[in-house]
Amino acid sequence: METLFENILIYSIVFVFCLVVVILYLRRQKRNSNLVEEKILKAKQEGLYEPVSLHPVVDQNTCIQTGACISACPEKDILGIRNGKATTINASHCIGHGACFNACPTQAITLCIGTEKRGVDLPHVNYNFETNIPGIYIAGELGGMGLIKNAVEQGRQAVENIVKAGKKHHKAAYDLIVVGAGPAGISASLNAKKHNLNCLTLEQETLGGTVFNFPRSKIVMTSPMDLPLHGKLKLYETSKSELLDLWKSVIQKNNITIKENSKVETIVPEDGHFRVETLGGDGRQGSPRKLNIPGEELEKVAYRLLEPELISGKEVMVVGGGDSAIESALLLAPNNKVILSYRGEAFSRIKPQNKEKIDEAVEKGLVDMRLNTNLESIEQDEITLASGGEGGEKTRLKNDLVYIFAGGELPTQFLKKVGLQITKKFGEAVLKHR
Ligand SMILES: Cc1cc2nc3c(=O)[nH]c(=O)nc-3n(C[C@H](O)[C@H](O)[C@H](O)COP(=O)(O)OP(=O)(O)OC[C@H]3O[C@@H](n4cnc5c(N)ncnc54)[C@H](O)[C@@H]3O)c2cc1C
C-alpha cells in the first residue's frame with residue numbers, strides 16, 4: 001500500500017514537472033509569437049511587409065519550426081516564428097542570400113521573385129546571359145539574381161561568353177561597352193581586360209553600384225567569390241569601404257578606365273555593331289520623373305534641392321516617398337513651412353535614420369506629412385492636393401515652391417527603349433527544392 005502511494009506520488013511529481021515545463025514552453029512560444037505578430041504589424045505600417053523582389057515563401061505544411069532559417073539568415077527580422085510556423089516579417093529587406101533555403105531541414109522554403117500582387121519586371125536572358133538582341137548581355141541584379149557574389153560571377157561569365165562568341169566589328173571603337181559599375185560591371189570590366197578586349201565602362205553615378213549607396217557599413221557574403229585579375233575573395237563579413245577600396249585598387253592596378261557620371265541613354269544597333277548614346281554633361285541627374293500635372297512647367301517647380309540654406313520663410317511642398325524627398329523636407333523644415341506629400345500609405349525602403357528623423361519632425365510639427373495624397377495641380381501661389389485615390393477630397397493650399405522627387409527613369413524603361421523583351425514575374429520560384 002505504502003509503495004503504491006509512493007509510486008503515485010512520484011508519478012504525480014513527474015507529471016506536474018512535465019506539465020510545468022510544457023506550460024512554460026507554450027507560454028514562451030506564445031510570447032515570441034505575439035512579438036513576431038507585433039513586428040509584422042509594424043512592417044505592414046512601414047510598407048516593409050510586402051516583398052519587393054526576391055523573398056522566401058514558407059510552405060506551412062512542411063515547416064516544423066526548427067528556426068534554422070532564422071538563425072541562418074544574415075539579415076535581421078526577415079523571418080520569424082508565428083503560431084508554430086516560420087513566416088516573413090520585413091520581406092522587402094530580403095536580398096536573396098538563400099541561406100534560409102539551404103538551412104531548412106524539411107525543405108519548406110522556396111525563394112521567389114515578385115508576388116501575386118506585385119509583379120517584378122525581368123528581362124529575357126538565355127543561359128549565356130544574352131538577351132533577345134544578340135550582342136547585348138545582362139548580368140547581376142537586373143537579371144533578377146541578387147547578391148554581390150552572384151553579380152560578380154554573372155559579370156565574369158557574360159564576358160567569357162562574349163569572348164567565346166568571338167564577334168568583333170572592325171568599325172566599332174570598342175570591343176565591349178559595360179553599362180554600370182556595380183559588382184557585375186566591375187567584374188565584367190576586369191574580365192574584359194584579362195581577355196585583352198578594348199572595353200569602356202560607363203557608370204551613371206559612382207563606382208560600386210548599390211554597394212556604394214548602402215545605408216549600412218556591414219556587408220555579408222555567404223560564400224567566396226572569384227574576382228577576375230584578383231582571384232578568390234574570401235570576405236565573409238566585410239565593410240562597404242573595405243570592399244570599395246579593394247575594387248578600386250584592382251581596377252587601378254590593371255589600368256581600367258571607368259567613366260563615372262555617364263548615363264547611357266540608349267543603345268542602337270547600327271551596321272552590325274552598336275551605337276551607345278550617353279547623356280552629356282551632368283549624367284548623374286538622369287531624367288527626373290515628372291508628374292505631368294497642370295502647372296508643372298512653372299519656374300517654382302524643381303526636381304532637386306540645391307541650396308536649402310538660402311530658402312527661408314516659404315510655403316514649400318515636397319513630393320515623394322524616397323530618401324531624397326525626406327532628406328529635402330528635413331533640410332527645409334527648420335526655416336520654412338513644409339508639407340510632405342506621398343501617394344503611398346507608408347514609406348518603404350528608406351534609410352532607417354531618415355524614418356526616425358521624419359517621424360520626429362512630424363511629431364514636433366516641423367513637417368506636415370500627408371500620406372495617401374496626390375499633387376493635382378500647381379498655380380503661382382497655390383497648389384491642389386487630393387487625398388486618397390482618384391476622386392478623393394481636394395484641398396487648396398498656399399504655396400511658394402514645389403520640389404518633386406518622384407524618382408528617375410526605371411531600369412525597365414531603359415531596357416524597353418533599347419528593345420529588350422521583359423516579362424512580369426508574379427511570385428515565380430528562383431530557388432526551389434525538387
Ligand atoms: C540595403 C542593401 C543591402 C545589401 N546587402 C548585401 C550584402 O550584405 N551582401 C550581398 O552580397 N549583397 C547585398 N545586397 C545586394 C547587392 O548590393 C546587389 O545584389 C548587387 O549590388 C548587384 O550588383 P549589380 O552590379 O548587378 O547591380 P548594382 O549594384 O545595382 O549596379 C548597377 C550599376 O549600374 C549603373 N547604371 C544603371 N543604369 C545605368 C545607365 N543607364 N548608364 C550607366 N550606368 C547605369 C547604376 O548606377 C549602378 O551603379 C544588398 C542590397 C541592398 C539594397
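**Figure 1. T278, a partly exposed residue in a strand of this predicted model.** Let us start with a single residue. T278 has 16 C-beta neighbours inside 10 Å, so it counts as partly exposed. Buried residues need 20 or more such neighbours, and exposed ones have 12 or fewer. You can find T278 in strand β14, which covers residues 273-278. Now look for S328: T278 and S328 are 50 residues apart in sequence, and their C-alpha atoms are 28 Å apart in space.

**Figure 2. Helix α1, residues 2-45, lies largely in the open.** Begin with the length of this helix. At 1.5 Å a residue, its 44 residues should span 64 Å, and the C-alpha atoms at its two ends are indeed 64 Å apart, so the expected span and the model agree. Next, consider how covered the helix is. Three of the 44 residues of α1 are buried, and therefore the helix lies largely in the open. Those buried residues are V36, I40 and A43. Strand β2 (79-82) is included in what covers them. Just after α1 comes G47, where phi is positive, at about 75°.

**Figure 3. The whole protein, with its three domains.** Step back for a moment to see the setting of the other views. Along the principal axes, the C-alpha atoms fill a box of roughly 105 × 65 × 35 Å. The secondary structure comes to nine helices and 24 strands. Of the 434 residues, 32% count as buried. Among contacts with a separation of 6 or more, 65% are between residues 24 or more positions apart. Domain 1 takes in residues 32-113, domain 2 is made of 125-285 + 413-431, and domain 3 runs over 301-404.

**Figure 4. The place where domain 1 touches domain 2.** How far apart are the C-alpha centres of domain 1 and domain 2? They lie 30 Å apart. Where the two domains meet, 13 residues of domain 1 are in contact with 11 residues of domain 2. On the domain 1 side, the elements giving two or more residues are α3 (99-103) and β4 (109-113). Strand β4 provides the largest share of that side, with four residues. Sorted by class, the domain 1 side has eight nonpolar and five polar residues, and no charged ones.

**Figure 5. The shell of residues around the ligand.** Here the ligand is surrounded by 32 residues, and the closest of them are G140, G180, G182, A184 and G209. Which elements give two or more residues to this shell? They are α4 (148-165), α5 (183-194), β8 (218-220) and α9 (411-418). By class, the shell holds 19 nonpolar, eight polar and five charged residues.

**Figure 6. The largest nonpolar core, with 32 residues.** In soluble globular proteins, nonpolar side chains tend to be buried together. In this core, A139, A158 and A188 touch the most other members. Two or more residues come from each of α4, β6 (176-179), α5, β7 (199-202), β9 (225-227) and α6 (240-253). Helix α4 gives the most to the core, with six residues. Zoom in on A188 and leave out residues up to four places away in sequence: A188 then touches A139, G155, A158, V159 and V178. Apart from this core lies another one of 28 residues, among them L340, I383, L385 and Y403.

**Figure 7. F129 and N196, two residues other than glycine with a positive phi.** This last view pairs two loop residues. F129 has a positive phi of about 75° although it is not a glycine. Its place is in the loop between β5 (120-123) and α4. Is F129 buried or exposed? With 22 C-beta neighbours inside 10 Å, F129 counts as buried. For N196, phi is also positive, near 60°. N196 lies in the loop between α5 and β7. Because N196 has 9 C-beta neighbours inside 10 Å, it counts as exposed.

Conventions
Residues are numbered from 1 along each chain as its sequence is written. This is a predicted model: local features need pLDDT of at least 70, side-chain atom pairs count only at pLDDT 80 or more; totals for chains, interfaces and linings use all residues. The expected span of a helix is 1.5 Å times one less than its number of residues. Two residues are in contact if their C-beta atoms, placed from the backbone, lie within 7 Å. A residue is near a molecule or strand if its C-beta atom, placed from the backbone, lies within 6 Å of it. Ala, Val, Leu, Ile, Met, Phe, Trp, Tyr, Cys and Pro count as nonpolar, Asp, Glu, Lys and Arg as charged, and the others, Gly among them, as polar. Domain bounds come from an automatic or database domain assignment. A nonpolar core is a set of buried Ala, Val, Leu, Ile, Met, Phe, Trp, Tyr and Cys residues joined through C-beta atoms within 7 Å.
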